[in-house]
Amino acid sequence: MKQPTVLITGALTGIGRATAIAFAKQGANVVVSGRHEVAGQSLAAELRTLGANAEFVKADVANEADVSKLIEKAVSLFGQLDIAVNNAGTEGELGPITGQTAENVHATFSTNVLGTLLSMKHEMRAMQAQGHGSIVNLSSIAGKVGVAGASVYVASKHAVEGLTKSAALEGAAFGVRVNAVAPGPVQTDMLDRFVGRDESQKAGFLSGIPLKRAATVDEIAETILFVASSKATYLTGQSIAVDGGFTIQ
Ligand SMILES: NC(=O)c1ccc[n+]([C@@H]2O[C@H](COP(=O)([O-])OP(=O)(O)OC[C@H]3O[C@@H](n4cnc5c(N)ncnc54)[C@H](O)[C@@H]3O)[C@@H](O)[C@H]2O)c1
């Protein structure tokens with residue numbers, strides 16, 4: 001069977017990187033994207049050592065010219081775009097609403113909301129032309145519940161959930177599935193930025209998770225691979241919480 005071509009945004013660290021490695025191990029054609037040329041080229045080289053065809057394309061998802069060129073490049077490299085993982089995201093400036101600024105709202109929404117929208121715009125154009133495709137957006141438990149001290153991030157991830165549902169309804173007409181994966185706390189730098197690096201503070205935070213720990217990046221990557229894959233052909237418009245039970249409480 002022909003290997004799928006997969007695009008991952010914000011792929012140079014954390015969940016994106018783990019997802020790129022997991023797809024590469026399956027032998028997919030992998031296009032990794034991010035804002036840093038040297039780290040990106042080095043990740044693409046690492047993925048090739050795993051047996052995948054892999055290329056890096058530099059792109060800031062908040063910049064439409066970058067996003068448009070990224071999707072064009074992915075299609076021209078491998079002939080089509082089967083799977084897109086819109087992973088690039090930022091927590092922005094955390095803190096109470098009383099300290100929020102318009103600049104933080106613009107910056108956080110530029111990546112998380114505009115970036116997801118622009119990515120889907122150009123991915124869905126390519127996928128509509130070929131008549132199939134699967135998109136996975138990275139939401140969060142912050143897309144499902146409120147979090148004190150993270151209102152702007154929470155609002156941006158609620159927007160990602162809404163974009164996912166609307167895109168799924170549009171994509172259903174031309175063979176494109178659109179879903180989200182909504183992680184709880186994951187062992188990444190982003191988690192340290194949320195709860196601090198202090199281990200006892202982190203343990204206190206994680207004690208509120210029924211499974212009493214953060215997810216590994218690989219656990220999130222495995223869910224992304226499943227949702228994107230041909231094992232999930234009747235799944236669209238959903239947001240799968242991978243959160244150790246946090247949102248069922
Ligand atoms: N770590 C967690 O606990 C957690 C929980 C829920 C959801 N998420 C979501 O998962 C996704 C991945 O996060 P992560 O945990 O791997 O953190 P991370 O900070 O390691 O990864 C985010 C990546 O996106 C990139 N990025 C940010 N803005 C960008 C832009 N404008 N253009 C291109 N790339 C950009 C960053 O450089 C980084 O490589 C994010 O969307 C995040 O909101 C993370």
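Helices here are DSSP runs of at least four residues, numbered from the N terminus. The model under discussion is predicted, and one such helix, H4, spans residues 102-130 and contains Asn-112. This account begins with the sheet, proceeds to the helices that cover it, and then turns to individual side chains.

The sheet is open and consists of 7 strands in the order E3-E2-E1-E4-E5-E6-E7, paired in parallel. Strand E3 (53-58) and strand E7 (239-242) form its edges, each pairing on one side only. On average, neighbouring strands of this sheet are turned by 15° against each other, direction ignored. In general, the strands of a sheet pair through backbone hydrogen bonds, in either a parallel or an antiparallel manner.

Strand E6 comprises residues 176-183 and is joined to E7 by 4 bridges, the two strands running parallel. Within this pairing, Pro-183 has Val-242 of E7 as its bridge partner. E6 also pairs with E5, again in the parallel sense, over 6 bridges; here Ser-134 is the bridge partner of Arg-177 in E6. Why does E6 count as largely enclosed by the rest of the structure? The reason is that 8 of the 8 residues of E6 are buried, the cut-off for burial being a relative accessible area under 20%. The burial extends to both faces of the strand: Val-176, Val-178, Ala-180 and Ala-182 point one way, Arg-177, Asn-179, Val-181 and Pro-183 point the other way, and all are buried.

Two helices that lie across the sheet may be considered next. H4 lies across strand E1 (5-8), strand E4 (83-86), strand E5 (133-138) and E6, and it runs at about 175° to E5. Helix H5 (residues 151-171) lies across E5, E6 and E7, running at about 160° to E6. H4 and H5 also pack against each other, with their axes 9 Å apart and at an angle of about 15°. Because angles under 35 degrees count as roughly parallel, these two helices are roughly parallel to each other. H4 passes H5 in a right-handed crossing. Among the residues making the contact are Phe-109, Asn-112, Val-113 and Thr-116 of H4 and Tyr-153, Ser-156, Lys-157 and Val-160 of H5.

H4 has a further helical partner in H3 (residues 64-78): the axes of H3 and H4 come within 9 Å and cross at roughly 30°. That angle makes H3 roughly parallel to H4, and their crossing is right-handed. In this contact, Glu-64, Val-67, Ser-68, Ile-71 and Val-75 of H3 meet H4 residues including Leu-118, His-122 and Ala-126.

Asn-112 merits separate attention. With a relative accessibility of 1%, this residue counts as buried. Where does a polar atom of the Asn-112 side chain find the backbone oxygen of Thr-90? The two atoms lie 2.9 Å apart. Beyond residues up to four places away in sequence, Asn-112 touches Ala-88, Gly-89, Thr-90, Tyr-153, Ser-156, Lys-157 and Val-160.

A second polar side chain belongs to Ser-229, in the loop between helix H8 (217-228) and E7. Its relative accessible area is 18%, so Ser-229 is buried. The side chain of Ser-229 reaches the backbone oxygen of Phe-226 at 2.8 Å. A polar atom of that side chain also lies 3.0 Å from the backbone nitrogen of Lys-231.

Notes
Residues are numbered from 1 along each chain as its sequence is written. This is a predicted model: local features need pLDDT of at least 70, side-chain atom pairs count only at pLDDT 80 or more; totals for chains, interfaces and linings use all residues. Side-chain values use heavy atoms; hydrogens and water are left out. Buried means under 20% relative accessible area, exposed over 50%, partly exposed in between (1.4 Å probe, protein chains only). A polar contact is a pair of N or O atoms within 3.5 Å; within protein, one must be able to donate a hydrogen and the other to accept it, and residues adjacent in sequence count only if both atoms are side-chain atoms. Contact means heavy atoms within 4.5 Å. Two strands pair if DSSP finds at least two bridges between them. Axes are lines fitted to C-alpha atoms, for helices over the stretch in contact, and angles run from 0 to 180 degrees between N-to-C directions. Angles under 35 degrees count as roughly parallel, over 145 as roughly antiparallel, 65 to 115 as roughly perpendicular and the rest as oblique. A crossing is left-handed if the near helix is turned anticlockwise from the far one by less than a right angle, and right-handed if clockwise.
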